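Here are a few notes to read alongside the structure. Keep the view open and find each element as it comes up.

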Amino acid sequence: MPRSHMNKNICIVAGARPNFVKVAPLIRAIRKSEQASYQLVYAGMADDPTLEPSLFDDLQMPRPDFYLGVDSVKLNEITSRVMAEFDRFLDEHPVDVVIVVDDLASTMAAAIVTKKRGIRLAHLVAGTRSFDINMPKEINRLVIDALSDYLFTAGVKSTGIATREQSENSQTYMVGNILMDTLRYNFDRMKKPESISGLTDKQYLLFTLNRKALLADYENLVKMLQAMVTAAGDLRIIAPLRGEVRKIVEQIGVGIEIVNPMGYLEFGWLTAHAKGIITDSGNVSEEATFNGVPCITLNNYTEHQETVNVGSNVLVGEDADKLFEQVKKMVSGEWKKCALPDRWDGRTAERIVQILLK
């Protein structure tokens, strides 16, 4: 689609793979609007190994227009390099508004550069807080929200936080959960993973693990995994894991079925058809709530409180005993009733674009 002769130029910055899942509906909504053009910028490398070849096809979205090429894992180095590269990008590409997603170091870096240049800044999924200032992401969130002109929130709790903290020039809008736009759009396209044999509906648990704090306490992690496997009984526990996490779980060796990471549509099928999910990922617990699948989150807090208040999510922290109890309930089918939170209607991206075009 030609991107000239339009009147608002929107730059969307994605910092890591999960951001693209939230960006895809935005691009569709911008293309539909006919009053705006967009440029999609990725902070990482064009050959980033975490971006599987099928990702953009699965999400039915274009690849990024520009790659900043930052490949570091050190948070402060990521921040300084993304700042330098994004500044250079803006020298050559005039934009009216920059949308940043979530709470990564690269997201914060792009936000700082945007505001230093006097460009309007929109934060997608604003107002999320852990209230733990020792978490690097918490600092990122505070900085990005403080700088943003448009604070786009997903739920009631985050809207309250963003409204309380907002500066004189900023505006908070509860637009709903953009992850649901992607889930609803792709729901009928989900694919049963052929690489996993004998998958039967509701006859397995899905396990994902990523949080560094959980991996750092090896002894407790062993206790937690043993508790989970014991409580699951004869039910399969399927775990798509990669890299360091995979090595650690293999080393513990407690009877978890480790499989290779899969594409968006295959993983979506696994989350929708599981008997239950045990995870430390906010996005996965949101998918579970959307699908009405029981979910246990290995954390003391969630960025999306509505998944607990209204949805299917239960928090157990890092407590092996609590995990055991909840997996027992999950397996026996004694789970709480859950519903769909407000504005999980698949129209979040439309609302955002309407606000930006006002």
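1. Start with two neighbours in the sheet. Strand β1, residues 8-14, pairs with β4 in the parallel sense, and four bridges join the two. For a spot to look at, find Ile10: its bridge partner in β4 is Val97. Please keep in mind that this is a predicted model.

2. Now look at β4 and strand β5 (residues 120-124). These two run parallel and are joined by five bridges. One place to see the pairing is Ile99, which stands opposite Ala122 in β5. To get from β4 to β5, the chain passes through helix α4 (residues 105-116), and this β-α-β crossover is right-handed.

3. Is β4 enclosed or open to the outside? Five of the five residues in this strand, 97-101, are buried, so β4 is largely enclosed by the rest of the structure. Try following the side chains along β4: Val97, Ile99 and Val101 point one way, while Val98 and Val100 point the other way, and all are buried.

4. Next, step back to the whole sheet. Seven strands make up an open sheet with parallel pairing, and their order is β3-β2-β1-β4-β5-β6-β7. The edge strands are β3 (66-67) and β7 (171-174), each of which pairs on one side only.

5. Here is a closer look at the β3 edge. Strand β2, residues 36-42, pairs with β3 over two bridges, in the parallel sense. Within this pair, Val41 stands opposite Phe66 in β3.

6. Let's move on to helix α14, residues 320-332. Its 13 residues reach 18 Å from the first C-alpha to the last, close to the 18 Å expected at 1.5 Å a residue. Which residues of α14 are buried? They are Ala320, Leu323, Gln326, Val327 and Met330. These residues cover an arc of only 125° around the axis, which puts them on the same side of α14.

7. What covers those buried residues of α14? The cover includes the strands β8 (204-207), β11 (276-279), β12 (295-297) and β13 (313-315), together with helix α9 (218-232). You could colour these elements and then look at how they sit around α14.

8. Finally, check both ends of α14. At the N-terminal end, Asp319 acts as a cap: one of its side-chain oxygens lies 2.9 Å from the backbone nitrogen of Asp321. After the helix comes Gly333, which has a positive phi, near 80°.

Technical notes. Residues numbered from 1 in each chain as written. Predicted model: local features only at pLDDT ≥ 70, side-chain atom pairs only at ≥ 80, totals over all residues. Heavy atoms only, no water. Buried < 20%, exposed > 50% of the residue type's maximum accessible area, 1.4 Å probe, protein only. Pairing = 2+ DSSP bridges. Right-handed = clockwise from strand over helix to strand, strands pointing away. Expected span 1.5 Å × (residues − 1). Arc of directions from axis to C-beta. Contact = heavy atoms within 4.5 Å. Polar contact = N/O pair within 3.5 Å; in protein donor to acceptor, adjacent residues only side chain to side chain.
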